Amino acid sequence: MITAVELGLIYAIVALGVYLTFRILNFPDLTVDGSFTSGAATAAILIVNEVNPFLATAAAFVVGAVAGLITGLLHTKGNINGLLAGILTMIGLYSINLRIMGGANVPLLGEDTVISALRGVAGTGWNSVLVLVAVALVFKLLLDWFLHTDSGLALQATGDNEQMIRSFAVSTDRMKIIGLMLSNGLVGLAGAVVAQFQGFADIGMGIGLILVGLASVIVGQAIFGTRVVIQATMAVVLGAVIYRLAIQFALNAGLNPNDMKLMSALLVIAALLLPQWKGFRRIAQWRKGRSALDAAAEATLTSEANVPGKKVG
Amino acid sequence: MLRISDVSKTFFPGTVNERRALVEVNLGLAAGDFVTVIGSNGAGKSTVLNTVAGRIGQDEGKVELDGRDVSKLKEHQRAAQVGRVFQDPMAGTSPHLTIEENLSLADKRGRPRGLALGVTKAKRERFAEALKVLELGLEDRLKTKVGLLSGGQRQALSLLMATFSQPKILLLDEHTAALDPQRAELVTRLTKKVVEEQQLTTLMVTHNMAQALEVGNRLIMMHEGRIILEVPEGEKSKLAPEDLLAEFAKIKGAVIDDKTMLQ
Ligand SMILES: Nc1ncnc2c1ncn2[C@@H]1O[C@H](COP(=O)(O)OP(=O)(O)OP(=O)(O)O)[C@@H](O)[C@H]1O
Ligand SMILES: [Mg+2]
């Protein structure tokens, strides 16, 4: 249980990255499957070579960001479809990751890692969970802050109305590249921490990661809502933890770890299909009713839009 | 302030879909000029505005802004000096961002965007002050998402945003066409007011003859990619909508005459 929560909190950083591309930029970025492993591989090899684990983890962020940069350039300057650009980088990274590691995996047993540092300060109980909660919140708050800066607002507008923000002198290409770099940087960093958590980096550890990120984002936002950015990012963090707990639950129920990819896929499919089903919509209505106060406030504010017979723009 | 020299544009050249949208168009606007553009559908009005904004590149010719050749600049590079309001009320704002965030985006036009907070207390006060001009009460709703506003409110906000950081040229493409008469009236009134106050050089496309005559100091009429009528300052105020309609009839007639002659 504690392990699941801890992992969930680490994966929350992945979910924040996926949120940035999928939700904010409206860009389905599949690079993450590769950049996660790149981050893990980079950090692992540096740690084995006696580099400070915190520095190694920071390096993983940079390597992830470079992966994002490549996808961004392929898409914006090369005019390659976004989905395909991500797949190309992801596949290319597979070979690169093998090169970085010099093999299919790098064990980290007995090395000084950020996790061994964590264990040193907070042990293995709820104390360490608290530390990881703080870490996840720091990343959430940093992202919240960034999205409200001048650059961050331009990035949000790029995903929202590209034509409009271009007419305000913003290079949407540049915004997409920045978003992809940040997102993959976060994912690479998370990969580094996961490797240190499990005690090894492995060539296959990123496979299907995009679904883990998506599932966290979708599940979190379905439960906790998305009205404003700070709420949406909180939902994403919680979604990642809930996802891990769900996986743990499935494992306890007798499923095999090899079934987990299928589970992830089914979970995302369910999350995408359920909202289209009538009965679920009724529940959603009920949920809306609960936040009726918000709705009422919004409605009085938009009274002009509600004049009967007037088209709401 | 704006000079368009011999600009031509053909879409899908060399195919069956070939369309000559602009044919050697020449147009100059002095600082403070407010030119209304009329013409039938497909005349090339929007294409003129799009070539000025850099949204589409011209095949031939040159666009100069404030004495500088901008023909090769990309849309977002020119946008530092070009304000635009589109026909679609959805097009000019970011629906998922709030009113104050949208204004903050407009405020930074042409200036570097860094890591300072987009909305601060001081800015918020300035935004509220600016919104009062619209007389729509939007100054009390700074934190409302723009997607929740009505079409008219959004278009008024788009206009404010387009003119917020004093562009060198303002491009309006049928920006009142999607609104009901009352709202259209309001946005037209606001347009006149803002353009006058800021002495903006403006190019405005409209299908409404009365509006074309009511606002601006000059008028041009386009047909099949060419400017076929230019009404200079001073003469415009003497024109009545009937004169413009007669002018329209004349081109239509001329076109038919050409065809009958060819047969
Ligand atoms: N992006 C484009 N791709 C292909 N053809 C285009 C494009 N934009 C305009 N055209 C064509 O160029 C010609 C001029 O179009 P334009 O939109 O400038 O006309 P307009 O005068 O604005 O007409 P309207 O009054 O209907 O808005 C039309 O024949 C149109 O089909
Ligand atoms: Mg048009």
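A salt bridge here is a side-chain nitrogen of Lys or Arg within 4 Å of a carboxyl oxygen of Asp or Glu. The exercises below apply this and related criteria to a predicted model.

**Exercise 1. Salt bridges around Glu100(B)**

Determine which residues form salt bridges with Glu100(B), among them Lys143(B), and what parts of the chain these pairs tie together.

Solution. Begin with Lys143(B), whose closest N atom stands 3.0 Å from an O atom of Glu100(B), and which therefore satisfies the cut-off of 4 Å. Next, place the two partners: Lys143(B) belongs to the loop between α4 and α5 (151-162) of chain B, while Glu100(B) sits in helix α3 of chain B, so that this salt bridge ties together parts lying 43 residues apart in sequence. The accessibilities of the two partners can then be set side by side, for Lys143(B) is exposed at 57% relative accessibility, whereas Glu100(B) is buried at 5%.

Now turn to Arg124(B), whose side chain also meets that of Glu100(B) in a salt bridge, with an N to O distance of 2.8 Å. This pair links distant parts of the chain as well, since Arg124(B) lies in helix α4 (residues 121-132) and Glu100(B) in helix α3 (residues 99-107), 24 residues apart. Arg124(B) has a relative accessible area of 29% and is therefore classed as partly exposed.

**Exercise 2. A salt-bridge network**

Starting from the side chains of Lys176(A) and Glu162(A), work out which residues salt bridges with shared partners join into one network.

Solution. The first step is the pair itself, a salt bridge in which N and O are 3.4 Å apart. Its partners come from distant parts of the chain, Lys176(A) from helix α9 (residues 172-198) and Glu162(A) from helix α8 (residues 162-166), with their positions 14 residues apart in the numbering. As to exposure, Lys176(A) is buried with a relative accessible area of 12%, and Glu162(A) is partly exposed with 29%. The last step is to follow the shared partners, which gives one network made of Glu162(A), Arg166(A), Lys176(A) and Glu75(B). Over all chains, the structure holds 21 salt bridges.

**Exercise 3. The surroundings of ligand 1**

Describe the shell around ligand 1 by its residues, its polar contacts and the elements that contribute to it.

Solution. Count the shell first: 14 residues surround the ligand, and the closest are Asn41(B), Lys45(B), Ser46(B), Thr47(B) and His207(B). Sorted by class, the shell comprises 4 nonpolar, 7 polar and 3 charged residues.

Then consider individual contacts of ligand oxygen atoms. One such contact, at 2.8 Å, is to a polar backbone atom of Gly42(B), and another, at 2.9 Å, is to a polar backbone atom of Gly44(B). The side chain of Lys45(B) offers an N or O atom that is 2.7 Å from an oxygen atom of the ligand. Taken on its own, ligand 1 has 630 Å² of accessible area, of which the protein covers 68%.

Finally, assign the shell to elements: those giving two or more residues are β2 (19-29) and α1 (45-53) of chain B, and α1(B) gives the most, with 3 residues.

**Exercise 4. Strand β9(B) and its partners**

Establish whether strand β9 of chain B is enclosed or open, and how it pairs with β3(B) and β10(B).

Solution. Look first at burial, where 6 of the 6 residues of β9 (residues 218-223) are buried, so the strand is largely enclosed by the rest of the structure. Both faces are covered, with Arg218(B), Ile220(B) and Met222(B) buried on one side and Leu219(B), Met221(B) and His223(B) buried on the other.

Next comes the pairing. Strand β3 (residues 34-39) of chain B pairs with β9(B) in the parallel sense over 5 bridges, and Gly39(B) stands opposite Met222(B). Strand β10 (residues 226-231) of chain B pairs with β9(B) in the antiparallel sense, likewise over 5 bridges, and here Met222(B) stands opposite Ile227(B). The hairpin of β9(B) and β10(B) has 2 residues between the strands, and Glu224(B) takes a positive phi near 45 degrees in it.

**Exercise 5. The open sheet of chain B**

Identify which strands stand at the edges of the open sheet formed by 4 strands of chain B.

Solution. Write down the order, β2-β1-β4-β5, in which the pairing is antiparallel. At the edges stand β2 and β5 (68-69), each with a single partner strand, so that one side of each has no neighbour in the sheet. As a detail, 7 bridges join β1 (residues 2-11) to β2(B), and Lys9(B) stands opposite Leu22(B) in β2(B).

How values were computed
Residues numbered from 1 in each chain as written. Chains lettered and ligands numbered in written order. Predicted model: local features only at pLDDT ≥ 70, side-chain atom pairs only at ≥ 80, totals over all residues. Heavy atoms only, no water. Near = heavy atom within 4 Å. Polar contact = N/O pair within 3.5 Å; in protein donor to acceptor, adjacent residues only side chain to side chain. Areas by Shrake-Rupley, 256 points an atom, 1.4 Å probe, with all protein chains shown as cover. Nonpolar A, V, L, I, M, F, W, Y, C, P; charged D, E, K, R; others polar. Buried < 20%, exposed > 50% of the residue type's maximum accessible area, 1.4 Å probe, protein only. Pairing = 2+ DSSP bridges.
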